[in-house]
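Dear colleague,

I am passing on the structure below, together with some notes on what turned up when I went through it. Please read the notes with the sequence and the coordinates open beside you.

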Amino acid sequence: MEALVFILSLVDCCLILLSVYFIITLSDLECDYINARACCSKLNKWVVPEVVGQCVSTVLMLVSMHWFIFALNLPVAAWDIYRSVKVPMGNMGVFDPTEIHNRGQLKSHMKEAMIKLGYHLLCFFIYLYSMILALIND
């Protein structure tokens, strides 16, 4: 049972690829390879799957009573939910083409994507280690 939890969490680590996609798309916008509207529409359609994936992983750790990993996942899940709920009225989504170049939002989105990439890589290795440990103990 415990190994299954970590196998499902490893499947959920496809969020690493999503973080890389966010970084590539934002860097394309920064270099003017794509326009702001195309960039924001590409990124906004992946915000909800990112939130769902993070919340599933968090709830999975809560249900299986892995408290340290749950505590590690909870702030990121809360941040993702907060970020998607607090979208101002009239904006296209979390990433808005009219505001992405204002007030350094592009840099902050890029920094957030880099931090999430590091976080998901750390979680990947924690899940992998925990899965191997659970398989050995079973």
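In this predicted model, the buried residues of α3 are Ala36, Cys39, Cys40, Leu43 and Asn44. Because they cover an arc of only 120° around the axis, they lie on the same side of α3, and what they pack against is α2 and α4.

Those helices also take part in the largest nonpolar core, which has 33 residues. The elements that give two or more residues to this core are α1 (2-11), α2 (15-30), α3 (36-44), α4 (47-63), α5 (67-85) and α6 (105-137), with α6 giving the most, namely 8 residues. Within the core, the residues with the most contacts are Leu26, Met61, Phe95, Ile100 and Tyr127. If you would like one residue to look at in detail, Tyr127 is in contact with Phe6, Ser9, Leu10, Cys13, Ser57, Met61, Ile69 and Asn73, once its neighbours within four places in sequence are left aside.

Since you may be wondering about the cysteines, how many disulfides does a search of the whole structure find? The search finds 0. Cys55, for instance, is in no disulfide, and the nearest cysteine sulfur to its own, that of Cys123, is 14 Å away, whereas a disulfide would require the two sulfur atoms to be within 2.5 Å. The surroundings of these two cysteines can be described as well: Cys55 counts as partly exposed because its relative accessibility is 22%, while Cys123, at 2% relative accessibility, counts as buried.

With best wishes

Note on methods
Residues numbered from 1 in each chain as written. Predicted model: local features only at pLDDT ≥ 70, side-chain atom pairs only at ≥ 80, totals over all residues. Heavy atoms only, no water. Core = buried A, V, L, I, M, F, W, Y, C linked by side-chain atoms within 4.5 Å. Buried < 20%, exposed > 50% of the residue type's maximum accessible area, 1.4 Å probe, protein only. Helix = DSSP H or I, 4+ residues; strand = E, 2+ residues; numbered from the N terminus. Contact = heavy atoms within 4.5 Å. Arc of directions from axis to C-beta.
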